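Visitor: I have a model on screen and some questions about how its parts fit together. Please show it to me before we start.

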Amino acid sequence: MLLGGTAPDGGLWMPATWPELSAGEVRALAGLSYEETAQSVLRPFVEGVFNEDALREILADAYTGFSIPERVALRSLGRDRWLLELHHGPTLAFKDLAMQVLARMMERALARRGRRAVILGATSGDTGSAAIEAFRGLFGVEIFILFPEGRVSEVQRRQMTTPTDANVHAIAIRGDFDDAQRLVKALFADSEFRKRVELVAVNSINWVRIAVQAVYYFYAALRLGAPARRVAFCVPSGNFGDAFAGYAAGRMGLPVERLLVATNSNDILHRIIDSGRGERCAVTPTSSPSMDIQVASNFERALFEAAGGDGDAVRRQMEESAATGVLALRAGQRSWLGERFASARADEAETRAAMRRAREEHGILVDPHTAVGLHAADSLEVEAPCAILATAHPAKFPSAVKEACGVEPPRPARLRAALAGEERVQVVDADATTIRQIIERRVQS
Ligand SMILES: *Cc1c(COP(=O)(O)O)cnc(C)c1O
């Protein structure tokens, strides 16, 4: 049922009802490994699609490339504050945790149906490299990632251009991220082409990614005393996918005390949650580029929940917001969000200060995205343990770390390999016909 339709596209995976773990089932997660926790949390989502053994194999395979056996790590910051390190995967960002699982699920679903598919995405950095790393070398899948030439960091670019697998196609677009995204939208809108090559998206609204991300909320909370204690999380946010995964964990039975949404100076989410109203502005480039977002695509899911599942009301609200550039919450939505979420922002100076404090007080180097979370967590008053999500490894953002702390983070071995490898990339104009031809040539051969 989950794979119904012509493509294993993200939207098809949205559950009609939320699976819920009983208190006993949550308690039974205590002491389980990361993969075992994932098995228990994801089982109800994939029922009828993957059996227990298949899911176990997918999870075992997905996380072998992580550099620590625990897959994610909790570090104490004192005062019942914890850093939840989610950056031990192959591209050193939390997106690996979901993308590695999603890729293997897709590979199996396609193999079962004897089909091939084309993954197409636009990226401003981390999503593209995590997707390439997850799908490279997989059977039946060609992956094409468009990125704006000269506008992603050297580390991010090299992570996309150095894999040698024949199914990986990194394409630099002469233009900006919006141009790249526009091309992807145009190709998905061409339904004849989409069906013929089985175009599939792996963007941040993909439901599987969100369900898989709910796992680390369970894993961390169990280690911090849940379900006997409620646990709070502070989430550096861009598209609100990660924060929504935390909410999903709560819906599935985890006692989440509160989710603190941390934004950088692109703070529209903070303004909406804090004041009930947010006006869209131009995106300001910051040292935490994966959070430089004005329209958080997953926030619509929260609005839907906050409106009691009234899809029509939310559709009208989104249309109004698209037309006016202002998103205004209804009174009921505002109180619903206020009970579950809080928010805070960090500007560039505050982000640098948080990086310095982490080093001085705890001897830890953190990346700028994580630093936004640390700054936000300082503004939250909760009587519960609080885990701040460390979403990227500091070595991914060496110049920002150096600027704030005066030292460069040591480079993990896998990053050294990416930086040394030969780059393979096509540079093309921002033209949909060109991209379509590149894909067709590859798929027909
Ligand atoms: C993608 C990303 C984020 C934002 O996550 P969302 O799910 O879009 O809110 C934060 N930090 C890093 C390092 C990321 O790559």
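The questions below go through the sheets, then the helices, then one residue.

Visitor: What kind of model is this, and how are residues numbered?
Guide: This is a predicted model, where local features need pLDDT of at least 70, side-chain atom pairs count only at pLDDT 80 or more, and totals for chains, interfaces and linings use all residues. Side-chain values use heavy atoms, with hydrogens and water left out, and residues are numbered from 1 along each chain as its sequence is written.

Visitor: In what order do the six strands of the open sheet with mixed pairing run?
Guide: Strands are DSSP runs of E, at least two residues, and helices are runs of H or I, at least four residues, both numbered from the N terminus. Two strands pair if DSSP finds at least two bridges between them. The edge strands, each pairing on one side only, are β1 (73–76) and β11. The full order is β1-β2-β12-β7-β8-β11.

Visitor: By how many degrees are neighbouring strands of this sheet turned against each other on average?
Guide: Axes are lines fitted to C-alpha atoms, for helices over the stretch in contact, and angles run from 0 to 180 degrees between N-to-C directions. For this average, direction is ignored, and the value is 25 degrees.

Visitor: Is strand β12 enclosed or not enclosed by the rest of the structure?
Guide: Buried means under 20% relative accessible area, exposed over 50%, and partly exposed in between, with a 1.4 Å probe and protein chains only. Cys386, Ile388 and Ala390 point one way from β12, while Ala387 and Leu389 point the other way. In a regular strand the side chains alternate between the two faces of the sheet. Five of the five residues of β12 (386–390) are buried, so the strand is largely enclosed.

Visitor: Which residue of β12 is the bridge partner of Ala232?
Guide: Strand β7 (231–236) pairs with β12 in the parallel sense over three bridges. Strand β2 (81–85) also runs parallel to β12, joined by five bridges, with Leu83 opposite Ile388. For Ala232, the partner in β12 is Cys386.

Visitor: Which residue in β11 is the bridge partner of Thr263?
Guide: Strand β8 (256–263) runs parallel to β11, and five bridges join them. Helix α11 (268–275) lies across both strands, at about 135 degrees to β11. The partner of Thr263 is Arg345.

Visitor: Which are the edge strands of the five-stranded open sheet?
Guide: The order is β6-β3-β4-β5-β13, with parallel pairing. Helix α6 (154–161) lies across β4 (141–148) and β5 (168–174), at about 155 degrees to β4. The strands that pair on one side only are β6 (199–200) and β13 (426–429).

Visitor: How many bridges pair β3 with β4?
Guide: Strand β3 (117–122) pairs with β6 over two bridges in the parallel sense. Five of the six residues of β3 are buried. Towards β4, Ala122 stands opposite Leu146. The parallel pairing of β3 and β4 has six bridges.

Visitor: At what angle do α9 and α10 pack?
Guide: Two packed helices are described by the angle between their axes and the distance between the axes. Helix α9 (207–223) and helix α10 (241–251) have axes 8 Å apart. Their crossing is right-handed, meaning that the near helix is turned clockwise from the far one by less than a right angle. The angle is about 65 degrees.

Visitor: Where do the buried residues of α14 lie?
Guide: In helix α14 (331–340), the buried residues are Gln333, Trp336 and Leu337. Seen down the axis, they fall within an arc of 95 degrees, taken from the directions from the helix axis to the C-beta atoms. The face turned away from the buried side carries the exposed residues Ala331 and Glu339. The buried residues therefore line one face of the helix.

Visitor: Which residues does Ala432 touch, leaving out those up to four places away in sequence?
Guide: Ala432 is found in helix α19 (432–444). At 18% relative accessibility, Ala432 counts as buried. Contact means heavy atoms within 4.5 Å. The residues touched are Leu183, Ala186 and Leu187.
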